[in-house]
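Colleague: I have a model open and some short questions. Shall we go through them together?

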Amino acid sequence: KVLLDPSKQKRKIYKSLMPLQTGFKKYGESGLEISDWFPHMGSCADDLTLVRSMWTIDNNHGAQLTYHTGRKITEGAFPTVGSWVSYGLGTANQNLPHYVVLGNPSADCCGAAWTHGSSYLGPEHAGVRLKVDPKAPLSFVRSADKSLTPTEQQEMFGLLGKLNRQTGIHYPDDKNLQARIKSYELAFQMQSAVPDVMNFQEETQYVQDLYGLGDSSTKAFGEKCLAARRLSEQGVRFIQLFHGYRGNAGAWDSHRDIKRLHSKLAKEVDQPIAGLIKDLKLRGLLDETMVVIGSEFGRTPGAEYRESNKTVAGSGRDHHPHGFSIAMAGGGIKGGHVHGATDELGFHAVENRHYVTDLHATALHQMGLDTTRLNYPGRQRLERDYGEVIHDIIG
């Protein structure tokens with residue numbers, strides 16, 4: 001089927017069915033079918049559940065925000081699933097945030113800081129962004145006055161805290177002030193905790209190789225995955241990793257040349273994600289740590305072609321919210337399991353369909369939280385916000 005752009009410009013847009021751009025094979029005892037772009041993930045097949053029937057409501061990159069909040073970007077900021085975890089469980093380590101963000105979300109057009117925000121739950125439950133840089137682990141805080149000793153710096157923060165608390169007495173309902181007080185205290189505590197987390201030299205060469213730290217193509221995301229494991233060991237309850245946003249460079253948003261771009265991007269994440277799963281399993285931590293691998297939406301089974309920029313016909317795909325897949329491992333999730341399906345073209349999720357908040361409900365359930373009881377005084381959540389637990393994938 002060919003569709004022509006009716007505009008008077010010479011550009012033409014062709015859309016047709018597009019064949020698979022890579023092969024796939026069965027992996028593990030379970031025979032899970034996984035793309036040839038993800039061979040390392042294939043080696044984890046018996047620890048994975050594939051949910052092939054996800055759907056969402058936004059066909060543009062605002063779906064990035066929807067993936068974390070369940071709401072369209074036009075509705076504004078709402079609590080993210082990570083902020084609900086923080087609100088429901090609090091912290092397990094006083095020296096580290098309860099909700100950490102590694103990597104860059106897409107720009108303001110697509111949610112940006114809202115993707116790790118907390119909205120009406122209060123700023124103390126928002127995700128804290130950390131830069132993974134073992135050589136400069138404290139780059140997330142403003143450089144301290146080098147003329148001050150650690151004791152003097154502590155005294156300065158202590159005085160600042162007292163002044164803020166005194167102000168808090170006069171303005172007890174100022175959530176931003178309360179969050180600011182906590183942030184100053186946490187920032188000081190993190191100055192000792194974060195360098196320890198980012199000290200990857202403590203890891204054996206085997207573990208560093210597991211995450212691909214010795215390969216320039218996998219090093220950046222490998223360090224984020226290793227930092228995530230080390231943060232989780234220190235009691236950080238929710239860690240959100242982003243990969244692929246590079247301004248207008250396209251990255252995963254391949255409307256053209258999908259084979260070249262996606263094979264490269266898949267290589268950047270395949271080994272690090274598999275390394276994280278294997279590392280957690282070796283340490284006996286996979287049963288209590290859930291790993292979720294997903295995207296804001298899927299891509300169409302139809303191809304895109306724009307003559308004006310001289311791409312090869314049928315070399316890219318458009319945004320597609322009607323049916324896509326995610327993978328999950330650990331945290332009590334079944335291994336070697338497939339749940340749901342799309343139609344034969346991959347256009348619509350048709351079997352065991354799940355909106356993104358079902359994923360939220362499942363993760364919260366496994367952390368001991370009932371999504372239907374997570375409410376905030378004066379705020380009414382919609383039924384869709386709660387989601388439904390996907391019991392079939394729980395072991």
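Modeller: Start with the contacts. This is a predicted model. Take contacts between residues at least 6 apart in sequence. The share of these that join residues at least 24 apart is 71%.

Colleague: How many helices and strands are there in the protein?

Modeller: Both kinds of element occur here. The strands number 14 and the helices 10. So the count, by DSSP runs, is 10 helices and 14 strands.

Colleague: What percentage of the residues in the protein is buried?

Modeller: Buried means under 20% relative accessible area. The protein has 395 residues. Those that count as buried make up 46%.

Colleague: Is helix α7 mostly covered or mostly uncovered?

Modeller: Helix α7 runs over residues 219–233. Its buried residues include Phe221, Leu226 and Leu231, and also Glu223, Lys224 and Arg229. With 11 of its 15 residues buried, α7 is mostly covered.

Colleague: How far does α7 reach from its first C-alpha to its last?

Modeller: α7 has 15 residues. At 1.5 Å a residue, the expected reach is 21 Å. The model comes close to that, at 21 Å.

Colleague: Why is helix α9 called largely enclosed by the rest of the structure?

Modeller: Helix α9 covers residues 356–366. Val356, Asp358 and His360 are among its buried residues. α9 is largely enclosed because its buried residues number 9 of the 11.

Colleague: Which residue with positive phi follows α9?

Modeller: Look first at α7, which is followed by Gly235, with a positive phi near 100°. After α9 comes a glycine with a positive phi near 85°. That residue is Gly368.

Definitions and conventions:
Residues numbered from 1 in each chain as written. Predicted model: local features only at pLDDT ≥ 70, side-chain atom pairs only at ≥ 80, totals over all residues. Heavy atoms only, no water. Helix = DSSP H or I, 4+ residues; strand = E, 2+ residues; numbered from the N terminus. Expected span 1.5 Å × (residues − 1). Buried < 20%, exposed > 50% of the residue type's maximum accessible area, 1.4 Å probe, protein only. Contact = heavy atoms within 4.5 Å.
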